[in-house]
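I'm opening a fresh page for this one. My plan is to look things up one at a time and jot down what turns up.

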Amino acid sequence: SNEYKSYLRMLRSARSLIRKSRGVTCHISRGNTATRTLVTVRYGGSERIVEQHTRRALLRTTRITGTVPTCRHFSSYPSHFRIDMPALSPTMESGTIVSWAVKEGDELGDGDLLAQIETDKATMDFETPEVGYLAKILLPAGASDIKLGTPVCIIVENQEDVAAFKDYTPPETAAAPAAPADPAPAPTPPPPAAPAAAAPTPAAPVAAAPTPAPAPAPTPVTPPDVLPGSRILASPMARTLAARKGIDLSKLSSSGPDGIIRAADIEAAEAAAPAAATAAPVATPAPTAVPAVPGLFADGSFSEIPLTNMRKAIAKRLTQSKQEVPHYYLTIDVAIDDLLGVRSKLNASADGAYKLSVTDFLIKACSKALLDVPQVNSQWGEAAIRQYHNADISVAVATESGLITPIVANANKKGLAQINADMIELKDKAVSGKLQPHEFQGGTFTISNLGMMGVDNFTAVINPPQSAILAVGSPSKKLIPADNEKGFDVQTNMTVSLSCDHRVIDGAVGATWLGKLKSYLEDPLKMLL
């Protein structure tokens, strides 16, 4: 697109400035205003705005989900781009490099696949944000728990510059041991704690012990370099963290190159305040693992499976749901003989164009019921309850790495054939780990169907921040009283259970919604109205 081409021209212009200032430290940074993204190049003590874009256009046309990496030129290395671990989902805090799609020395073109990264939701493709040559892979495939903003590779413009980075080590690695020295200037926030710390006599020598630490600290840790406009050098991630945590950047020392404040400096400053205020808890060792009871399990009788980011996210979210969301459950039996009959007729007349499933009918019926009873299509907020006007139905899909819920967006506006096509595509992407963030993040209601696995009925855990989830069991034949010669009829029943958030959905509202769902499933022609 024109916007993306303009963005590439911006980077080329920035690089040309760097070439003109050989031997002078240069930085390219991106700062956000209310509606614009400004790209600034600083060199030789001055700065220049190269080009600017509206943020909306940049995000719409650029498939890079993470932040634009910082380009730095150091006097001892050729011009290069340091690529950091990107944020590929809004809730991502760390990632795992599943595989590298290229090797050192390979050429990288616009949109080329750089690596596959496992987030807290799925394994996603990460395209190269720069055009050039891969000079150095800083973290190998399989590296896990990589924090956002951690350098992962180096890209250079010219192929002849690749060899210069054979033994390259990111500056943060060299400065990392000095990061704990940041607590030295941090005593400014907790002066009230000083008398408490001075009260215990033995604590005085312990408090005096860190004083030798500042001696070696000045070498790697330098105060932030303030440019003529009183602007503080800090990475975009560090500025975001500082604003979120209310930390003044001007009072921090930096561990980055050329006085640049990094995210690690923000975390160190935040950790220093509570550590100085309460010295006693620091001495208590944190439990790292629960040892096995001696003799209870013989060696070799068990295996430990490492936790993936996705499994950690599932555990965190569902534990939070059960602890914070007041669940209650409603269960009802639905006769689906007419639904199965309509399904058979539609599939028979489709000529292979589609093959409808019971889940497709459930998605459509739920979307209709959500519009009829919009209180269920809502979300709890501290200040207000948000009520949605469209039904975006999340459907639980089991994969090898865990459970994920792809979304059939605007299901209330789609027919059964379109819902079926969407579900087939989403399921294939989920199993292969190719779902994009917008395809599984969000949703206003969830369906979990274990009927195909022979489960008669169950209750499901609400998927926050949604307020309800429908658990669907397996259809089964039942005898019901009837006024005929036999005195009974055989009916196909399916048990469904609705888990509700009592903060949003009262019991009567949940029962009303189940009644609407039952009417649509037992008389599927109503879905056409």
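First, a term I need before anything else: I call two strands paired if DSSP finds at least two bridges between them. Also worth writing down early is that this is a predicted model.

**Entry 1: strand 20 and its neighbours.** I looked for what stands opposite isoleucine 447 in strand 20, and it is valine 395. That fits with strand 16 (residues 393–395), which is joined to strand 20 by 3 bridges, the two running parallel. I then checked strand 21 (residues 468–472) and found 4 bridges to strand 20, again parallel. There, alanine 471 in strand 21 is what serine 448 stands opposite.

**Entry 2: is strand 20 covered or open?** Which residues of strand 20 are buried, and on which side? I got Phe445, Ile447 and Asn449 on one side, Thr446 and Ser448 on the other, and all of them are buried. So both faces are covered, given that buried means under 20% relative accessible area. The count for residues 445–449 is 5 of 5 buried. A reminder to myself on why I sort by side: in a regular strand the side chains alternate between the two faces of the sheet.

**Entry 3: an open sheet.** Next I traced a sheet of 4 strands, in the order 9-8-6-11, with antiparallel pairing. Strand 9 (123–127) and strand 11 (146–147) stand at its edges with a single partner strand each, so one side of each has no neighbour in the sheet. For strand 11, I looked up the link to strand 6 (residues 94–100): 2 bridges, running antiparallel. One residue match I noted is glycine 95 with isoleucine 146, its bridge partner in strand 11.

**Entry 4: rings.** I searched the whole structure for aromatic pairs and got 4. One of them is tyrosine 77 with tyrosine 168, edge-to-face, at 4.9 Å centre to centre and 80 degrees between the planes. Tyrosine 77 is in the loop between strand 4 (71–73) and strand 5 (80–84), while tyrosine 168 is in the loop between strand 12 (151–156) and helix 3 (171–175), so the pair ties together parts 91 residues apart in sequence. Are these two buried or partly exposed? Tyrosine 77 has 23% relative accessibility, so I put it down as partly exposed. Tyrosine 168 has 5%, so that one goes down as buried. I also noted that Tyr77, Phe165 and Tyr168 form one aromatic cluster.

**Entry 5: a charge and a ring.** Last lookup of the day: lysine 486 has its charged end over the ring of phenylalanine 488, 5.3 Å from the ring's centre.

Definitions and conventions: Residues are numbered from 1 along each chain as its sequence is written. This is a predicted model: local features need pLDDT of at least 70, side-chain atom pairs count only at pLDDT 80 or more; totals for chains, interfaces and linings use all residues. Side-chain values use heavy atoms; hydrogens and water are left out. Buried means under 20% relative accessible area, exposed over 50%, partly exposed in between (1.4 Å probe, protein chains only). Rings of Phe, Tyr and Trp (its six-membered ring) pair if their centres lie within 6.5 Å; planes under 30 degrees apart count as stacked, over 60 as edge-to-face and the rest as tilted. A charge sits over a ring if NZ of Lys or CZ of Arg is within 6 Å of the ring centre and within 35 degrees of the ring normal.
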